[in-house]
Amino acid sequence: MTAQLKLIALDDDDLAGISTHVQDARVQTSDIIWRQGEKRLLVGMNRLDWEQTLSGETAPRRLVAVLRFDRVLSCKSRNIDLGALELLGIEFHPGEPPGGSAVLMFSQGGALRLDVECLECELTDLGADDLGTSDLGEGAEPSGWDA
């Protein structure tokens, strides 16, 4: 079993690394939590364990993880449907230093744009997906993850 990840991104190169680890993660819209008063966005997800896959394991494994952005000034969405989403990746577009916009890109053209004071992002694995939610599909129930 691979070690659980805890990655922090403070610049666009760091964020590119986190983006690699969350590629093809499954996200329920109910697990996207915008805490405007705290300037924080939390995204609960089931991500592929890419480290296990790259080490030669034949059966893919999913991990329950949370992606956290701090110092978020605004959160805007486009084409986000209720239900299950697939996270394709994350990009950072610099603005007036040290700020900019982090864009979470989802399948079907969905996106979340976070305008940030500065980039502060963390990806933390919470454990293996032992509840059987790794096969979330159309009509699946939310995981019930709560921050």
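Author: A quick definition before we dig in: a patch is made of residues with over 30% relative accessible area and no salt bridge, and like charges are joined within 9 Å. Bear in mind that this is a predicted model.

Reader: Fine. Which residues form the negative surface patch?

Author: Asp counts as negative, and a patch residue needs over 30% relative accessible area. Asp 12 clears that cut-off, since its relative accessible area is 40%. The patch comes out as Asp 11, Asp 12, Asp 13 and Asp 14.

Reader: In which helix is Asp 12 found?

Author: The protein has two helices and ten strands, and from the N terminus on its elements run β-α-β-β-β-α-β-β-β-β-β-β. Asp 12 sits in the helix that covers residues 12–22, which is H1.

Reader: Now another aspartate. Is Asp 125 buried or exposed?

Author: Asp 125 lies in strand S10, residues 121–128. Buried means under 20% relative accessible area. Asp 125 has just 3%, so it counts as buried.

Reader: Leaving aside its neighbours within four places in sequence, which residues is Asp 125 in contact with?

Author: Let's start with a pair from far along the chain: Asp 125 and Met 45 are 80 residues apart, and their C-alpha atoms are separated by 9.4 Å. A contact, though, needs heavy atoms within 4.5 Å. With the sequence neighbours left out, the contacts of Asp 125 are Gln 4, Leu 5, Arg 47, Leu 63, Val 64 and Ala 65.

Reader: On to charge pairs. How many salt bridges does the structure hold?

Author: Side chains of opposite charge can pair when their charged atoms come close. To count here, a side-chain nitrogen of Lys or Arg has to be within 4 Å of a carboxyl oxygen of Asp or Glu. The total in this structure is eleven.

Reader: Which residue does Asp 70 meet in a salt bridge?

Author: Asp 70 is buried, at a relative accessible area of 9%. Its partner is partly exposed, at 26%. With 2.8 Å from N to O, the side chain that Asp 70 meets belongs to Arg 68.

Reader: Which residues are linked with Arg 68 and Asp 70 in a network of salt bridges?

Author: That Arg 68 and Asp 70 pair doesn't stand alone, as both belong to a network of salt bridges. The other members of the network are Arg 35, Glu 38, Arg 40 and Glu 122.

Reader: How many residues apart are Glu 120 and Arg 71, which link distant parts of the chain?

Author: Glu 120 and Arg 71 meet in a salt bridge at 3.5 Å, N to O. Glu 120 is in the loop between strand S9 (111–116) and S10, while Arg 71 is in the loop between strand S5 (62–70) and strand S6 (72–78), and that puts them 49 residues apart.

Reader: And how far apart are the closest N and O atoms of Asp 115 and Arg 113?

Author: Asp 115 counts as buried at 17% relative accessibility. Arg 113 is partly exposed, with 35%. The two form a salt bridge, and the gap between the closest N and O atoms is 3.2 Å.

Reader: Zooming out, what share of the 147 residues do buried residues make up?

Author: On the outside, the protein exposes about 7,900 Å², with carbon and sulfur atoms supplying 49% of it. Inside, taking under 20% relative accessible area as buried, the share of the 147 residues is 43%.

Note on methods:
Residues are numbered from 1 along each chain as its sequence is written. This is a predicted model: local features need pLDDT of at least 70, side-chain atom pairs count only at pLDDT 80 or more; totals for chains, interfaces and linings use all residues. Side-chain values use heavy atoms; hydrogens and water are left out. Patches are made of residues with over 30% relative accessible area and no salt bridge: like charges are joined within 9 Å, nonpolar side chains (Val, Leu, Ile, Met, Phe, Trp, Tyr) within 5 Å. Accessible areas come from the Shrake-Rupley method with a 1.4 Å probe; for residues, only the protein chains shown count as cover. The place of a charge is taken as NZ of Lys, CZ of Arg, CG of Asp or CD of Glu. Helices (H or I, at least four residues) and strands (E, at least two) are DSSP runs, numbered from the N terminus. Buried means under 20% relative accessible area, exposed over 50%, partly exposed in between (1.4 Å probe, protein chains only).
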